[in-house]
Amino acid sequence: MNSDTALNFQTLSQTCSHASLTSQKLRYWAEQIRPYWDETGSGSDIPLHRKIWEWAFIASALKDNGMLRPQAKGLGFGVGKEPLVSLFASLGCTIVATDQSFDSAQSAGWSQSNQFAGELKALNEKGLCDPALFEELVTFRTVDMRAIPQDLSGFDFTWSSCAFEHLGSISEGLKFVLDQMKCLRVGGIAVHTTEFNVSSNSDTITTGPTVLFRRRDIEDLARHLRHQGNLINLDFTLGATEADLHVDSPPWSGTHLRLKHDGYTITSFGLVIQKGQQRSTPPFLKLKLQLNRH
Ligand SMILES: C[S@@+](CC[C@H](N)C(=O)[O-])C[C@H]1O[C@@H](n2cnc3c(N)ncnc32)[C@H](O)[C@@H]1O
């Protein structure tokens, strides 16, 4: 292993929290994407919203692990109209941005929800990246996260925000995280955010348009990732400030770190994984992971 691929990895996979969102690092990244949450340019303080946490957490974890630099190759899944594609390109990264087909997005309601780009230039609509640089560094591909094409390999980093809970079931979501590791070079970093069930480690939504991952699902996934040779460190500590404890519900308030979803309290969870030299998975673990799928 050369120095480029040496495993040196400390970032914790963690829940969204007030302390994390207001940390100096995440505030820096939230400011870099200000046009996405302060459309009128009011200069307001960063809202306590888990969506901003997800985007800032992904950027911060990638930066901490040396990924946001010129010539680094990144692969984004289910990118919708998020700011990260143009943000990463503005830092010189070469990006393959992917999302499902327009027809699939339309039938699932994403194209009507203003969360599906459908075309490349919509990914830089707020101008975070110089247009010529964006054109040079970013390509768009239609990719179904449930069937990742094999030629998408050798990337320095991968990411997704708020996407793998929408693949139909807990098992499809976990399968995506395992499959997308094949897109990375050894030493590469994956950062993915998703729904986390705060209220229960047993009852949850296991199938449907949005599923809710429990602590035990993430622990199973981590075991599997580690047995393949990858690194992941988990921290399930929940925030305990007034903003953390507020469970938002319609009509939504300005504080939106946790919310009610179909009777469950949820927040976001950010996974950070480093790819190691791959080992084959012992058969008993394959069986265990399948048994835990619903
Ligand atoms: C909640 S939106 C999030 C969009 C964006 N990542 C963001 O943070 O704003 C979910 C995204 O997942 C995409 N998606 C859902 N199912 C998918 C699939 N099977 N393959 C690829 N993308 C999918 C949707 O098209 C949409 O872009």
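This tour of a predicted model goes to the ligand and the residues around it, and then to helix α3.

Begin by selecting the ligand together with its surroundings, where 20 residues form the shell, the closest of them being Gly 78, Glu 82, Asp 99, Gln 100 and Ser 161. If you colour this shell by residue class, you will find that it divides into nine nonpolar, six polar and five charged residues.

Next, select the residues that make polar contacts, one after another. At Gly 78, look at the backbone, of which an N or O atom lies 2.8 Å from a nitrogen atom of the ligand. At Asp 99, turn to the side chain, where a polar atom lies 2.7 Å from an oxygen atom of the ligand. At Asp 144, a polar side-chain atom lies 3.0 Å from a nitrogen atom of the ligand. Showing the surface of the protein here is useful, since 97% of the 590 Å² of accessible area that the ligand has on its own is covered by the protein.

Now leave the ligand and select residues 50-64, which are the 15 residues of helix α3. From its first C-alpha to its last, α3 reaches 20 Å, close to the 21 Å expected at 1.5 Å a residue. Is this helix enclosed or open to the outside? Of its 15 residues 12 are buried, so α3 is largely enclosed by the rest of the structure. Among the buried residues to highlight are Trp 53, Trp 55 and Phe 57, as well as Arg 50 and Glu 54, whose side chains you may wish to display.

Finish at Gly 66, which follows α3 and has a positive phi, near 70°.

Definitions and conventions:
Residues are numbered from 1 along each chain as its sequence is written. This is a predicted model: local features need pLDDT of at least 70, side-chain atom pairs count only at pLDDT 80 or more; totals for chains, interfaces and linings use all residues. Side-chain values use heavy atoms; hydrogens and water are left out. A residue is near a molecule or strand if one of its heavy atoms lies within 4 Å of it. A polar contact is a pair of N or O atoms within 3.5 Å; within protein, one must be able to donate a hydrogen and the other to accept it, and residues adjacent in sequence count only if both atoms are side-chain atoms. Accessible areas come from the Shrake-Rupley method with a 1.4 Å probe; for residues, only the protein chains shown count as cover. Ala, Val, Leu, Ile, Met, Phe, Trp, Tyr, Cys and Pro count as nonpolar, Asp, Glu, Lys and Arg as charged, and the others, Gly among them, as polar. Helices (H or I, at least four residues) and strands (E, at least two) are DSSP runs, numbered from the N terminus. The expected span of a helix is 1.5 Å times one less than its number of residues. Buried means under 20% relative accessible area, exposed over 50%, partly exposed in between (1.4 Å probe, protein chains only).
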